[in-house]
Amino acid sequence: MDRTMRAGAGKEEIMLMEAYLAIEDFSIVHRALDVRAVIIENGTKMAFVSVEMTSLPAEEIEAVKDRIVMEAEIERENIWVCCTHTFSAPHLLPDFMLAENDASPKRRNSGRLFRMRLRQPL
């Protein structure tokens, strides 16, 4: 078995829809928010994802993991997703906390808060 360590890293801007800003009375984006990922392989492939948000609902975390499993062929238990906590982003609520008649983009876009691209999977 080849035990050569390989690693890669990337960063992508989080593109929040304007309607998300209104969740906590934000009106404009002052500074871009990013998602960063590091993939390390040394016999086992692992992914570490850092999201510049105050919080991330479970369904969003699962959507990120689904994408990594599919595109980078990393086992789900080897994927770590965390929020770095910033006061430059609104708090996002999980779907179960939103009213059934809520027409906000959060209800319509569950699991697709931001796009992620893995440009060159290991």
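## The β2-β3 hairpin

Strands β2 and β3 make a hairpin with three residues between them, and G43 in the turn has a positive phi of about 90 degrees. Keep in mind as you look around that this is a predicted model. The two arms, β2 (residues 33-41) and β3 (residues 45-51), pair in the antiparallel sense over seven bridges. If you want a spot to zoom in on, I40 stands opposite M46 in β3.

The turn also has a visitor from the start of the chain. R3 sits in the segment before β1, and if you skip its neighbours within four places in sequence, R3 is in contact with N42 and G43. R3 and T44 are 41 residues apart in sequence, yet their C-alpha atoms are 9.4 Å apart in space. Is R3 buried or exposed? R3 counts as exposed because its relative accessibility is 53%, and the cut-off for exposed is over 50%.

## The whole sheet

Zooming out, the hairpin is part of an open sheet of four strands, in the order β1-β2-β3-β4, with mixed pairing. The edges are β1 (6-14) and β4 (79-83), each of which pairs on one side only. From one strand to the next, the twist averages 10 degrees.

As a reminder on sheets in general, strands pair through backbone hydrogen bonds, and they can do so in a parallel or an antiparallel way. Here, β2 and β3 are the antiparallel case, while β3 and β4 pair in the parallel sense over five bridges. Two places to find along that parallel pair: V49 has V81 in β4 as its bridge partner, and S50 stands opposite C82 in β4.

## Helix α2 and the faces of β3

How does the chain get from β3 to β4? It crosses through α2, and this β-α-β crossover is right-handed. Helix α2 (residues 58-72) lies across β2, β3 and β4, and it runs at about 145 degrees to β4.

In a regular strand, side chains alternate between the two faces of the sheet. You can follow this along β3: K45, A47, V49 and V51 make up its covered face, whereas M46, F48 and S50 are on the uncovered one.

## D34, tucked into β2

D34 belongs to strand β2. This aspartate counts as buried because its relative accessible area is 10%, and buried means under 20%. Which residues does D34 touch, leaving aside its neighbours within four places in sequence? On the list are K11, E12, E13 and I14, along with S50, V51 and E52. Of these contacts, V51 is on the covered face of β3 and S50 on the uncovered one.

## The two cysteines in β4

If you were wondering about disulfides, the structure holds zero of them. For C82, the nearest cysteine sulfur is that of C83, 6.8 Å away. Seen from C83, the nearest is the sulfur of C82, again at 6.8 Å. Neither pairing qualifies, because a disulfide needs the sulfur atoms within 2.5 Å.

As for accessibility, C82 is partly exposed, with a relative accessible area of 21%. C83 is partly exposed too, at 28%.

Definitions and conventions
Residues numbered from 1 in each chain as written. Predicted model: local features only at pLDDT ≥ 70, side-chain atom pairs only at ≥ 80, totals over all residues. Heavy atoms only, no water. Buried < 20%, exposed > 50% of the residue type's maximum accessible area, 1.4 Å probe, protein only. Contact = heavy atoms within 4.5 Å. Pairing = 2+ DSSP bridges. Axes fitted to C-alpha atoms, helices over the stretch in contact; angles between N-to-C directions. Right-handed = clockwise from strand over helix to strand, strands pointing away.
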